Amino acid sequence: QLQLVESGGGLVQPGGSLRLSCTASGFTLDDYRIGWFRQAPGKEREGVSCISSSGGSTNYADSVKGRFTISRDNARNTVYLQMNSLKPEDTAVYYCGATWVYPGDTSVELTTTSYHSWGQGTQVTVSS
């Protein structure tokens, strides 16, 4: 059974850093595009960043460019989201999503409808 598990969330002060992990079980990530999304209370889920199956292509929302970095370690079946210079408006539940792609695919879609499997989410709270 395909399963994604997010971890690494927590409470951090403005300007601080966190690294989120998205680990897959029941399948290997090599053939999947992975995206990070977030949902704040009362708001729709929005795309944060995504990475192609090979890791060669990435995409970021304008609100996180220059602060967040997505990476993947297919040997560990894990995708990471390094979040630096965190702001209170980054507070949300963060989810990772996965979608199978053909070998060599370099697409970096950052819409929720482009992902077919989701984790349960991890809470990130940025507050002093």
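## Buried arginines and a salt-bridge network

Arg67 is buried, with a relative accessible area of 10%, in a model that is predicted. Its side chain meets that of Asp90 in a salt bridge, at 2.7 Å from N to O, and this pair belongs to a network of salt bridges that links Arg38, Glu46, Arg67 and Asp90.

**The network**

- The pair of Arg67 and Asp90 connects distant parts of the chain, since Arg67 sits in the loop between β6 (58–60) and β7 (68–73) while Asp90 sits in the loop between β8 and β9, 23 residues apart.
- Asp90, which counts as buried because its relative accessibility is 0%, also meets the side chain of Arg38 in a salt bridge of 2.9 Å, N to O.
- Arg38 lies in strand β4 (residues 32–39) and Asp90 in the loop between β8 (78–83) and β9 (92–100), so this pair ties together parts that are 52 residues apart in sequence.
- Arg38 forms a salt bridge with Glu46 as well, at 2.7 Å from N to O; Arg38 counts as buried at 5% relative accessibility, whereas Glu46, at 38%, counts as partly exposed.

**Charges and surface**

- Five salt bridges are found in a search of the whole structure, in a protein with 10 positive and 11 negative side chains, the centres of the two sets lying 5 Å apart.
- The exposed area is about 6,300 Å², of which carbon and sulfur atoms supply 45%.

**Overall fold**

- The protein contains eleven strands and zero helices.
- Its radius of gyration of 14 Å agrees with the value near 14 Å that a compact globule of 128 residues would have.
- Residues 24 or more positions apart account for 62% of the contacts with a separation of 6 or more.

Note on methods:
Residues are numbered from 1 along each chain as its sequence is written. This is a predicted model: local features need pLDDT of at least 70, side-chain atom pairs count only at pLDDT 80 or more; totals for chains, interfaces and linings use all residues. Side-chain values use heavy atoms; hydrogens and water are left out. Helices (H or I, at least four residues) and strands (E, at least two) are DSSP runs, numbered from the N terminus. The radius of gyration is taken over C-alpha atoms; the globule rule is 2.2 Å times the number of residues to the power 0.38. Contact means heavy atoms within 4.5 Å. Accessible areas come from the Shrake-Rupley method with a 1.4 Å probe; for residues, only the protein chains shown count as cover. Lys and Arg count as positive and Asp and Glu as negative; His and the chain ends are not counted. The place of a charge is taken as NZ of Lys, CZ of Arg, CG of Asp or CD of Glu. A salt bridge is a side-chain nitrogen of Lys or Arg within 4 Å of a carboxyl oxygen of Asp or Glu. Buried means under 20% relative accessible area, exposed over 50%, partly exposed in between (1.4 Å probe, protein chains only).
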